[in-house]
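Thank you all for making time this morning. I would like to walk you through one structure, slowly, so please have a look at it on the screen before I begin.

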Amino acid sequence: MIALYSNWWIKPGHEKEAIPVLQELAQTVQAKEPGTLMYLVHFPFLEFPAEYKFRSEPATRPGAVTFVETYASWKAFDQHFRGPTFTNFVQQHGHLFVQREEGATTKPFTQVVFMDKKAGFIRKQLFE
């Protein structure tokens with residue numbers, strides 16, 4: 001299995017536009033990519049109850065998006081990363097995110113961390 005998390009950052013003022021397209025992306029990945037075992041899209045939770053004030057160092061930046069993904073194999077990851085669902089998403093909606101320069105093109109700036117699980121579990125139907 002291949003596991004990773006990836007951070008992207010929405011350009012200020014584009015949050016309302018980005019949320020539904022990210023939700024659609026996750027639904028399309030679920031429907032069309034059976035080798036993608038988990039694909040979760042998270043925004044930072046910033047409104048804690050008074051008794052649970054947590055502070056992150058470094059501070060979480062508004063507009064951050066974290067993808068948590070698990071693939072059955074490197075082939076399944078490659079089919080996602082180079083496949084039509086993800087590449088079309090970047091082509092159509094990449095402008096909503098902070099950009100990085102790559103030669104003559106721009107793409108969303110991403111931080112990707114591949115993970116090597118050493119312990120833990122996932123409860124069935126944790127997210128719905």
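Let me start with a single residue, S73, which is partly exposed, with a relative accessible area of 29%. I should say early that what we are looking at is a predicted model. S73 lies in the loop that runs between strand 3 and helix 2, the helix covering residues 74-81. If you compare S73 with H42, which is 31 residues away along the chain, you find their C-alpha atoms separated by 23 Å.

Now to the sheet. It is an open sheet of 4 strands in the order 2-3-1-6, and the pairing is antiparallel. Strand 2, residues 36-42, and strand 6, residues 111-115, stand at the edges with a single partner strand each, so one side of each is left without a neighbour in the sheet. On average, and ignoring direction, neighbouring strands here are turned by 15 degrees against each other. Helix 1, which spans residues 15-32, packs on this sheet and touches strand 2 and strand 3, and its direction makes about 170 degrees with that of strand 2.

Let me stay with strand 6 for a moment. Strand 1, residues 2-9, runs antiparallel to strand 6, and 5 bridges join the two; in one of these pairings, S6 has V112 of strand 6 as its bridge partner.

How exposed is F114? F114, whose place is in strand 6, is partly exposed, with a relative accessible area of 41%. Together with W74 and V112, F114 makes a nonpolar surface patch of about 320 Å².

Technical notes: Residues numbered from 1 in each chain as written. Predicted model: local features only at pLDDT ≥ 70, side-chain atom pairs only at ≥ 80, totals over all residues. Heavy atoms only, no water. Pairing = 2+ DSSP bridges. Axes fitted to C-alpha atoms, helices over the stretch in contact; angles between N-to-C directions. Contact = heavy atoms within 4.5 Å. Patch = residues over 30% accessible without salt bridge, like charges linked within 9 Å, V, L, I, M, F, W, Y side chains within 5 Å. Areas by Shrake-Rupley, 256 points an atom, 1.4 Å probe, with all protein chains shown as cover. Salt bridge = Lys/Arg side-chain N within 4 Å of Asp/Glu carboxyl O. Buried < 20%, exposed > 50% of the residue type's maximum accessible area, 1.4 Å probe, protein only.
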